[in-house]
Amino acid sequence: MVRWLASRTAQAAATFVVAVVLMFFLMRLSPGDPLARLVGDRQVSAAELASLRTRFGLDQPLLGQFRAFVGGVAQGDLGASIAYYPTSVSELIVARLPATLLLGGTVLIINFTVGIVIGVWQARHRGSAGDRWLSIVSLTAFALPSFWLGLILAWLFGIHWRLLPAAGMTTPALDPGAGLLPRALDVARHLVLPAATLCIITIAVTIRHQRSAMIETLTADYVRTAQAKGLSERAVVWRHAWRNAMFPLLTLFGLWLPVLVTGSVFVESVFNWPGLGSLAAEAILNRDYPLVMGTALLVAGAVVAGTWVSDVLHVALDPRVRV
Amino acid sequence: MITLPSRGLPAAWRVSGGRIGAGILIAIVLIAVVGPHFLPDPAAQPDIIAGPTPPGPGHLFGTDELNRDILARVVGGARISLLVALLAVALSITVGAVVGLAAGYMGGWIDIVLMRLVDAALAIPRLFVLLLLLAVWEKISLVAFIVAIGATGWFATSRLVRSEVLRLRGEPFVLAARSLGASRRRIAFRHLLPNTLGPIVVTATLGVGHVILLEAGLSFLGLGGVRPPTPSWGRMILDAKPVLETAPWAGLFPGLAIIVTVLAANLVGEALRTYFDPQHA
């Protein structure tokens with residue numbers, strides 16, 4: 001067990017390191033000047049440009065830049081943002097992290113509760129009209145562009161019906177002396193539309209995985225045995241069948257993180273949610289390459305960590321898996 | 001328990017979703033090809049001061065903030081979307097098949113190196129790979145854009161083809177071919193590759209829908225090889241964002257076009273999956 005854990009961790013670390021190297025070269029091999037946007041239409045003297053290059057280390061040879069980059073990453077230093085100079089990329093990311101965690105956590109909880117219930121229901125009523133309709137609905141959800149759905153919901157609930165705030169995380173006009181509860185309620189109201197958009201986009205993945213895993217276990221012999229013993233329907237479905245249909249969802253957890261992160265780039269920027277996704281979108285708009293790199297690094301780290309966690313949980317929880 | 005699919009495409013065709021999806025896709029391709037000949041120039045601005053007009057006779061989908069006909073722009077966008085999706089998927093499927101074949105059949109260090117690289121590449125979501133590549137690449141051409149999308153989509157395909165090849169490698173027909181003196185190249189391309197075609201076709205069809213969403217997303221972020229005034233669905237939605245309050249229809253129709261196209265491609269992909277892999281229907 002300890003040996004497996006060590007080798008799995010080493011493998012995750014190696015994957016991350018290779019991903020970091022790939023990312024650096026992707027960015028630097030792309031033909032384009034990272035300073036083009038910063039300089040923009042302004043008149044910039046050659047000397048000024050040269051000093052900018054020195055400041056961001058762009059005057060170094062590629063290998064030197066690479067060494068500085070890797071050394072920085074190893075120490076948690078991702079360099080300075082170009083658009084927000086001299087604020088560091090790490091500072092910007094840390095400032096935006098809470099909003100993304102709030103949005104992502106909400107969506108995660110809804111996905112893994114509602115998604116499981118719907119998936120199990122569909123598996124139990126496989127082939128029924130309800131199952132077929134839900135399958136069509138999830139297939140349609142796969143085809144939805146998140147930014148479009150966000151805009152439509154923002155228009156419908158925020159502009160047309162004026163039910164919910166369509167942008168930001170707090171009301172700027174809120175009394176600064178307001179208590180904790182009104183503040184929390186204000187954030188919750190702002191959270192509804194972005195969370196709903198992300199849920200609609202991503203929940204279909206959970207539902208489909210749960211449905212097919214559950215269909216497999218429901219036809220297993222031990223489930224028939226449990227039924228023959230006269231156990232209640234609920235006990236058969238949840239205690240016997242679902243226990244084993246739960247493990248594919250652990251794998252899904254690793255797959256699901258990137259879906260959430262890439263989805264939130266669009267959703268956060270549509271709703272001006274002050275999280276990492278809108279930070280990444282902003283960085284793209286400003287051609288702020290250290291910041292783009294910083295967010296991409298974080299995402300790759302989250303993906304590697306997500307698969308690591310799901311593998312470890314799999315081994316820890318599933319007694320059939322021996323290492 | 002396991003029922004084998006009857007041979008020939010009719011089995012996939014019989015899945016009603018696949019039939020509907022294929023019908024819609026054919027219709028979209030036809031509209032994209034002949035439609036522009038019957039519609040106004042998507043870049044034309046008949047009355048720039050008039051601004052956006054709601055859907056109605058004359059402009060079935062209304063006009064956008066620059067008074068351009070939205071129907072013409074949606075149809076023009078279909079051309080771009082389908083072109084990008086088909087070419088990019090063709091590229092990524094080809095590269096994925098070759099890499100997967102090489103890794104699975106040659107084995108050894110080639111396999112180890114290739115699969116380590118693929119694992120690392122899979123750790124970066126495709127959107128972010130493209131963001132890194134395109135963030136500072138301002139004047140990217142459409143061809144380079146298509147190559148970039150195609151070149152970032154083959155990792156999962158190569159893993160799939162590799163596992164299929166590993167499964168097939170020990171099959172009697174491969175051993176028979178080898179004992180008859182077939183060369184390694186002949187075994188790889190004439191015996192192994194054709195037998196992995198099923199999963200490849202399914203991945204390709206589902207990939208088309210995925211790339212259409214991806215291209216729209218990149219255009220929505222203001223990136224990519226489609227430059228105004230050439231219409232692109234994602235860009236149209238981006239341009240509709242500031243006029244959401246006054247002209248909500250400007251963003252509605254390109255989004256619906258994306259949904260219908262992607263859904264149709266996914267329906268065909270699902271039907272093909274049912275056909276090739278009936279156990280996981």
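Of the 281 residues of chain B, 49% are classed as buried in this predicted model. The secondary structure of chain B consists of 12 helices and 0 strands, giving the sequence-order pattern α-α-α-α-α-α-α-α-α-α-α-α. The C-alpha trace of chain B extends over about 75 × 45 × 30 Å along its principal axes. When contacts in chain B are restricted to residues at least 6 apart in sequence, 72% of them link residues at least 24 apart.

For chain A, buried residues account for 37% of a total of 323 residues. The secondary structure of chain A comprises 13 helices and 0 strands, and its pattern along the sequence is α-α-α-α-α-α-α-α-α-α-α-α-α. The principal-axis spans of the C-alpha trace of chain A are about 85 × 55 × 40 Å. Among contacts in chain A between residues at least 6 apart in sequence, the fraction joining residues at least 24 apart is 73%.

Within chain B, helix H2 covers residues 16-34 and contains 19 residues. The distance from the first C-alpha of H2(B) to its last is 27 Å, close to the 27 Å expected at 1.5 Å a residue. The buried residues of H2(B) comprise three glycines, Gly17(B), Gly18(B) and Gly21(B), together with Leu25(B), Ile28(B) and Ala32(B). These residues lie on the same side of H2(B), because the arc that they cover around the axis is only 90°. The other side of H2(B) carries exposed residues, namely Ser16(B), Ile26(B), Ala27(B), Leu30(B) and Val34(B). Residues of H2(B) are thus distributed between a buried side and another side with exposed positions.

The contact between the two chains involves 40 residues from chain B and 44 residues from chain A. On the side of chain B that touches chain A, at least two residues each are supplied by helix H4 (108-122), helix H5 (126-134), helix H10 (197-220) and helix H12 (249-276) of chain B. Of these elements, H12(B) provides the largest share, with 8 residues. Classified by residue type, the side of chain B that touches chain A contains 28 nonpolar residues, alongside 7 polar and 5 charged residues.

Terms used: Residues are numbered from 1 along each chain as its sequence is written. Chains are lettered from A and ligands numbered from 1 in the order in which they are written. This is a predicted model: local features need pLDDT of at least 70, side-chain atom pairs count only at pLDDT 80 or more; totals for chains, interfaces and linings use all residues. Helices (H or I, at least four residues) and strands (E, at least two) are DSSP runs, numbered from the N terminus. The expected span of a helix is 1.5 Å times one less than its number of residues. A residue is buried if 20 or more other C-beta atoms lie within 10 Å of its own, exposed if 12 or fewer, and partly exposed in between; C-beta atoms are placed from the backbone. The arc is that of the directions from the helix axis to the C-beta atoms. Two residues are in contact if their C-beta atoms, placed from the backbone, lie within 7 Å. Ala, Val, Leu, Ile, Met, Phe, Trp, Tyr, Cys and Pro count as nonpolar, Asp, Glu, Lys and Arg as charged, and the others, Gly among them, as polar.
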